[in-house]
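Dear colleague,

I am handing over the structure we talked about, and below it you will find what I noticed when going through its strands. Please open it alongside this message and follow the residue numbers as you read.

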Amino acid sequence: MLRNRRRLGAWLLAAVVLVVVLVLYDADRTGVGDPKAAPSATPSATLPGTAAPAPTTAAPSPSATPSPPAPPGTGGPSPSASACTSPGACGYPDANSTGPRIALERHDTGNMSVKKDGTVIKGWDIRGSLDIYANDVTIIDSRITSTNWWGVNLRPGFSGLKVLHTTITAVPGKGPDNGGVNYAVSNMGGSSIEVGWCDISVFGNALSMGQGNLHDNYVHDLVAFRNQGGEWQHIDAVISGGGNKGRLTIRHNTLLNATPVDKGATAAVGLFADTGVVSSVVVEDNWLAGGAYALYGGGPGATGIQVTGNVFSTQYHPASGAYGPVTAWNAGGAGNVWKDNRMSDGRPVEPAS
């Protein structure tokens, strides 16, 4: 009897030891009791279109990494403004949201003149250029590959041109200006034209006009060239020479100018008083990057210039342009408004006084 009791006690003791070992093993496996294994109470935020950051064991102190100095023309960090990583990730036009939406049919037009009012060109893959001598012409869902001075040009005395959902490009080294090509869309007329949802590249001065409605376009990969005078051609995503009689609206475009300054880079948006006073221009909600300055604001006599809600990207230069985000801004001009413009890293942008 005594022997059986001893044997039973030994079995009970062994069972207790086994239970204790299993509990300790399970606690170690699940991280219970280990503060380092506990998940963070605050998840990391990620920007649209970016990957989630890799987990870290300890967050750095807010004071451990000082903020970088603000480039010329920018203020200090803005806690309420979020950073933007790229045009597409932040809702601005790119290759995915511009250009033709349908299959195209090849047309070797050469340098074609359009002379019939109301002409609609749709679904064409054009090898050549279009010179418009007619009213209310629409070019839509097409592609133009030019070796002429322009891709599309509206002649004086005509109006109503629309260029929509179209890719406009050129063949580098094959243009008439010492191998260069000058204007993707040129408005030589005295009335507004519309250019929207277009993918534009290569041309030196991509969108050239004093009046028009330029919206939702992607201008990129402009190509520098020496003109017939042997000088580097000035390169701009949008250029206006002043003296305009109507309004120029530049809204919700991606305007990139990666050209080096020593090869002719001027601006993402260049408002110049070359042929008259600059007036009545809206530059709103665009992604601007590159040039000597990203924006030339019209100069001392400019009036009615509204620059609001734009993102000045640091993708080519820390200050957006090589020398800064903006120059030639006339703060005292009648109707001139500068509001809610910021760098892509969130810092506010103010023109030099």
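To begin with one pair of residues, isoleucine 168 has isoleucine 200 of S11 standing opposite. Please keep in mind that this is a predicted model. The two strands concerned, S8 and strand S11 (residues 199-202), pair in the parallel sense, and two bridges link them.

S8 also has a pairing with strand S5 (residues 143-146), which is again in the parallel sense and extends over four bridges. Here isoleucine 168 in S8 is found opposite isoleucine 144. If you then look at the two faces of strand S8 (residues 167-170), you will see that both are covered, since Thr167 and Thr169 on one side are buried, and Ile168 and Ala170 on the other are buried as well.

As a general reminder, the strands of a sheet pair through backbone hydrogen bonds, and they may do so either parallel or antiparallel.

There is also an open sheet of nine strands, whose order is S2-S4-S7-S10-S13-S16-S19-S22-S25 and whose pairing is parallel. Strand S2 (120-122) and strand S25 (337-339) stand at its edges with a single partner strand each, and therefore one side of each has no neighbour in the sheet. On average, and with direction ignored, neighbouring strands of this sheet are turned by 5° against each other.

At the S2 edge, strand S4 (residues 138-140) runs parallel to S2 and is joined to S2 by three bridges. Within this pairing, isoleucine 121 has isoleucine 139 in S4 as its bridge partner.

With best wishes

Notes: Residues numbered from 1 in each chain as written. Predicted model: local features only at pLDDT ≥ 70, side-chain atom pairs only at ≥ 80, totals over all residues. Heavy atoms only, no water. Buried < 20%, exposed > 50% of the residue type's maximum accessible area, 1.4 Å probe, protein only. Pairing = 2+ DSSP bridges. Axes fitted to C-alpha atoms, helices over the stretch in contact; angles between N-to-C directions.
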